[in-house]
Amino acid sequence: MIWQEYQLLTHRKQAAALSRALMLLGAVGVQEDNPPGHTPRFRQPWDSGPAPRRPKEVLLRAWFRERPSDARLAAIAEHGSAAPVWQEIAEQDWEQEWKQNFDTLHISDRLIITPPWKPVPGTIVIEPGNAFGTGEHATTRACLRAIDRYAVSGGRLLDVGCGSGILALAGAKLGMIAEGNDIDPDAVIAAQAAAAANGLSVDFHCRPLRDVAGPYDLVVANLFAEVLADLSADLCRVAAGPMCFAGVLAERADKVRTAFKACEALYEETDGDWVSLGYRNRAA
């Protein structure tokens, strides 16, 4: 099917009313986008002060099965800051399209991650969902490589901020006694489901790190630099072996280096905008 897409650049204050008007004219959906040439800036966890201002204008995109007459759209077009634009959009099978972004992730011969529609015996199967961590992101891959490097069969692993549980599952797959915590109960539920689907035993929970006793032979955390710095004392407290961190933007990495300056540095790797770092307590 070919959809007729109508685009109108207008003032943000008028967007809601114009969206309703487009729906009344038969649009099956309306979306507000940033205006062309505008790069959105989102509030980051480390930002302070007021939130970034949104642009004054928005680009309305409305989809019709059949193009309405120009006369019916004339009143709406009057509120645009530029002439409206029409284009034809071919219908896509989004359920299949988004799956193309997830493929088999080969960390090593003993650690392979696959999506459920491409199962391979002996791999970890992760269902993309609400919890962060499918192995596709550079930061997750960095932690997986660290686990493959440092995992010791029979040792204890802690995945701090476990998300989907992929890191703890990787440790369990390599024979470790794995545990993961997260402040989001939905993430813990997703991780527990992933463990059950893979036939792996992992203790996933919402206990805060301050209440986790340790010691652990390997600690992994895919978290922002600011969070790692805030948790540094407890991370060092529970770690009896390597601590492997990712989720750190290169421009924020000094916060992690400073927080763990008393530790022995094991490695530092850069992948695009991201840095992964490894440490060990000097007394360990």
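Start by selecting Leu-18, Ala-21, Leu-22 and Leu-24 in helix α1, which meet Arg-72, Leu-73 and Ile-76 in helix α2. Sorted by type, the residues of this contact are 6 nonpolar, no polar and 1 charged. Keep in mind throughout that the model is a predicted one.

Now show both helices whole. Helix α1 covers residues 12–24 and helix α2 covers residues 70–77. Two packed helices are described by the angle between their axes and the distance between the axes. Here the axes come within 10 Å and cross at roughly 170°. An angle over 145 degrees counts as roughly antiparallel, so α1 is roughly antiparallel to α2.

**The sheet of 3 strands**

Next, select residues 105–108, which are strand β5, and residues 111–114, which are strand β6. A hairpin through 2 residues joins β5 to β6. The two strands pair in the antiparallel sense, over 3 bridges. To see one of these pairings, select Ser-108; its bridge partner in β6 is Leu-111.

Stay on β6 and look at its side chains. Leu-111 and Ile-113 point one way, Ile-112 and Thr-114 point the other way, and all are buried.

Add residues 124–125, strand β7, which pairs with β6 in the parallel sense over 2 bridges. Thr-114 is the residue to pick here, as it stands opposite Val-125 in β7. Together the 3 strands make an open sheet in the order β5-β6-β7, with mixed pairing. The edges are β5 and β7; each has a single partner strand, so one side of each is left without a neighbour in the sheet.

**The sheet of 7 strands**

Strands of a sheet pair through backbone hydrogen bonds, either parallel or antiparallel. Move to the open sheet of 7 strands, whose order is β10-β9-β8-β11-β12-β14-β13. The pairing in this sheet is mixed. For its edges, select 202–205, which is β10, and 264–271, which is β13; each of these pairs on one side only. From one strand to the next, the twist averages 15°.

Select β8, residues 156–160, together with β9, residues 177–181. They pair in the parallel sense over 5 bridges. Two places to click are Leu-157, whose bridge partner in β9 is Ala-178, and Asp-159, whose bridge partner in β9 is Gly-180. Of the 5 residues of β8, 4 are buried, so the strand is largely enclosed by the rest of the structure.

On to β11, residues 218–222. Strands β8 and β11 are parallel and share 4 bridges. Leu-158 stands opposite Val-219 in β11.

How many of the 5 residues of β11 are buried? The count is 5 of the 5, so β11 is largely enclosed by the rest of the structure. Display the side chains to see which way each one faces: Leu-218, Val-220 and Asn-222 point one way, while Val-219 and Ala-221 point the other way.

Continue to β12, residues 243–249. It runs parallel to β11, and 4 bridges join the two. Select Asn-222 again: its bridge partner in β12 is Ala-246.

**A helix across the sheet**

Select residues 138–150, helix α4. Which strands does helix α4 lie across? They are β8, β11, β12, β13 and β14, the last of these being residues 274–280. Helix α4 runs at about 140° to β13.

**Two cysteines**

Finish with Cys-143 and Cys-244. Neither is in a disulfide: the nearest cysteine sulfur to that of Cys-143 is the one of Cys-244, 7.2 Å away, and for Cys-244 the nearest is that of Cys-143. A disulfide needs the two sulfur atoms within 2.5 Å. A search of the whole structure finds 0 disulfides.

Are these two cysteines buried or exposed? Cys-143 has a relative accessible area of 1%, and Cys-244 is at 1% relative accessibility. Buried means under 20%, so Cys-143 counts as buried, and so does Cys-244.

Definitions and conventions: Residues are numbered from 1 along each chain as its sequence is written. This is a predicted model: local features need pLDDT of at least 70, side-chain atom pairs count only at pLDDT 80 or more; totals for chains, interfaces and linings use all residues. Side-chain values use heavy atoms; hydrogens and water are left out. Two strands pair if DSSP finds at least two bridges between them. Axes are lines fitted to C-alpha atoms, for helices over the stretch in contact, and angles run from 0 to 180 degrees between N-to-C directions. Contact means heavy atoms within 4.5 Å. Angles under 35 degrees count as roughly parallel, over 145 as roughly antiparallel, 65 to 115 as roughly perpendicular and the rest as oblique. Ala, Val, Leu, Ile, Met, Phe, Trp, Tyr, Cys and Pro count as nonpolar, Asp, Glu, Lys and Arg as charged, and the others, Gly among them, as polar. Buried means under 20% relative accessible area, exposed over 50%, partly exposed in between (1.4 Å probe, protein chains only).
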